[in-house]
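This briefing covers the overall build of one protein chain and then one of its helices. Please keep the sequence and the model at hand while reading.

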Amino acid sequence: MVIAAAVELDTAAAAGGIESIAPLYGLCIPMKGTASVVDFPSGSGVGILSGYTPVDDSELTKLIKERNGVIFGVTNVPEFAAGWVTANPASGHTRNPYSHRLTVGGSSGGSASAVASYMCPLAVTEDTGGSTRVPASSNQNFGFDPSRNHYPNAGNPGMSFTNDQLGVNARSIQDIILYDKALTAFSTEEAEIAAIHKAAVAAVDARALSSIKIGTPLYPFVEWTIPAGLNGGSNEGAGWAANTDVREKLTQAAAALQSAGFTLAREEWPQQYFDYLGREENVLLEACWSGELVNGKMMDVDGIYTFGGQISQDL
């Protein structure tokens, strides 16, 4: 499939000149394994779905083809792309090219590993709560997680209809900008979009590292409890804490960032009074495990989960 697509573009370029296959010029781009791709069915990491071919390509798949890119297969994901470790019984465990002892993160771990191992300069990702950003960090890539529908979402099942957006992993910011230009600047707003990219590059070049603040809160992800009133909470006060070796890596990372010139904000998330709890609570903990009732039922993060229906719709 890949070679046939490349030969077709070569033929078009020979007949009409190289600019006839602009702006992607046959660039090989893997899709994330959640995307509907007729030529490379993936099943979103779910064994029972692996043999099914989607009814149509996703909108982003079509857009990349329209811009004369080559779809370079689909990358591995956890089951339903619901995890930060990229492994599943259907297609196995994705390795980190820097060391097989290290995770590639998830859920776009296959995309990130493909980029980090130089299989391709960039790869399509998708993010609900870190699925573009965590693999980028785990594989020393740059991750671009734009707002929803910056790239068309249709045909790419996510966990929700509100919190999922397609992005990209690459080895440089310049590659991300070129990719973004290729997909967004073929329109009447081309000059405006080009100006936005130019301004963004200039702003990054001019920005001092000390002006970038990096938060280092410990609660509620390094040390945490879920108290009564929140979803899954109790009065027992039992909690969790990161392993000693993970805590040491966090300390080392913070020291390295500070030495490089970044500003570390060594503060915790603020407390706020919540009427339904009758007490103050950490605002991030409350946001993640809200215990509020909606239509008489507990509403929490599970309320956004719709990926089963979205995947079924695309098959």
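The points below go from the whole chain to a single helix and its surroundings. The model is predicted. The chain has 315 residues, and its secondary structure comes to nine helices and 15 strands.

**Overall dimensions**
- The radius of gyration of the chain is 22 Å, which agrees with the value near 20 Å that a compact globule of 315 residues would have.
- The C-alpha trace spans about 70 × 50 × 45 Å along its principal axes.

**Packing and surface**
- Of the 315 residues in the chain, 37% are buried.
- Among contacts with a separation of 6 or more, 63% are between residues 24 or more positions apart.
- The exposed area of the chain is about 16900 Å², and 57% of it comes from carbon and sulfur atoms.

**Charge**
- The chain carries 33 negative and 18 positive side chains.
- The centres of these two sets lie 6 Å apart.

**Helix 2 and its cover**
- Helix 2 takes in residues 59-66, and its buried residues are Leu 60, Thr 61, Leu 63 and Ile 64.
- Viewed down the axis of helix 2, these buried residues fall within an arc of 160 degrees, so they line one face of the helix.
- The cover over the buried residues of helix 2 includes four strands, namely strand 1 (28-32), strand 2 (70-75), strand 5 (122-127) and strand 7 (165-170).
- Helix 5 (173-184) is also part of that cover.
- Asn 68, just after helix 2, has a positive phi of about 70 degrees.

Key
Residues numbered from 1 in each chain as written. Predicted model: local features only at pLDDT ≥ 70, side-chain atom pairs only at ≥ 80, totals over all residues. Heavy atoms only, no water. Helix = DSSP H or I, 4+ residues; strand = E, 2+ residues; numbered from the N terminus. Rg over C-alpha atoms; globule rule 2.2 N^0.38 Å. Buried < 20%, exposed > 50% of the residue type's maximum accessible area, 1.4 Å probe, protein only. Contact = heavy atoms within 4.5 Å. Areas by Shrake-Rupley, 256 points an atom, 1.4 Å probe, with all protein chains shown as cover. Lys, Arg positive; Asp, Glu negative; His and termini not counted. Charge placed at Lys NZ, Arg CZ, Asp CG, Glu CD. Arc of directions from axis to C-beta.
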